[in-house]
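Please look over the structure below. A short briefing on its sheet, helices and selected side chains comes with it.

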Amino acid sequence: MTDKTVTVKWAGKMTFIGVASSGNTVAMDAGPNGGGLGVGHGPMGLVLLGAGGCASIDVVMILEKGRSALTDCVCKVSGTRASEMPKVYTDIHMHFEISGKNLKEGAVERAVNLSMEKYCSASLTLAKAAKLTYDWEIIDG
């Protein structure tokens, strides 16, 4: 089992600085409408960014290990939240745009499926709370 500890420190108004165990930081903010300064990411947006980042790392690693001529990987993540508090995500969709030279459809499909069904802990965690769907496309180039 791997334990992770992060720290979130108040920076005034509704702005907070998150510090990962690595020491890297991220600014979080409730936005001007929520009393923040508008200088950071919203926490719920970071949830989607984390899932997209986690899955993208997997997809790129799998394709590179398979020696695919990958030139880009873009993951567009959209989420629908409940209208009532606590306004959790009810539906999340991840769309992967995989670019490269002569990419094999089977290799891309395998990489995305492995990430989304086996390796991406962020997405698999979210899938326990929300309906998670995904698709992908190959962009030649």
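The points below cover the sheet, the helices on it, one serine and the aromatic rings.

The model is predicted: local features need pLDDT of at least 70, side-chain atom pairs count only at pLDDT 80 or more, and totals for chains, interfaces and linings use all residues. Residues are numbered from 1 along each chain as its sequence is written, and side-chain values use heavy atoms, without hydrogens and water.

**Sheet**
- Three strands (DSSP E runs of at least two residues, numbered from the N terminus) form an open, mixed sheet in the order β4-β5-β6.
- β4 (69-81) and β6 (131-140) are the edges; each has a single partner strand, so one side of each lacks a neighbour in the sheet.
- Strand β5 (residues 89-101) runs parallel to β6, joined by 10 bridges; pairing takes at least two DSSP bridges.
- His93 has Thr133 in β6 as its bridge partner.

**Helices on the sheet**
- Helix α1 (residues 43-65) packs on the sheet and touches β4 and β5. Contact means heavy atoms within 4.5 Å.
- Helix α2 (residues 105-119) also packs on the sheet, touching β5 and β6.

**Ser123**
- Ser123 sits in helix α3 (residues 121-126); helices are DSSP H or I runs of at least four residues.
- Ser123 is buried (under 20% relative accessible area, 1.4 Å probe, protein chains only), at 0%.
- Beyond neighbours within four places in sequence, Ser123 contacts Ala51, Ala55, Met94, Met116 and Leu132.

**Rings**
- Arg81 lies over the face of Tyr89, 5.8 Å from the ring centre. The criterion is NZ of Lys or CZ of Arg within 6 Å of the centre and within 35 degrees of the ring normal.

Note on methods:
Axes fitted to C-alpha atoms, helices over the stretch in contact; angles between N-to-C directions. Buried < 20%, exposed > 50% of the residue type's maximum accessible area, 1.4 Å probe, protein only.
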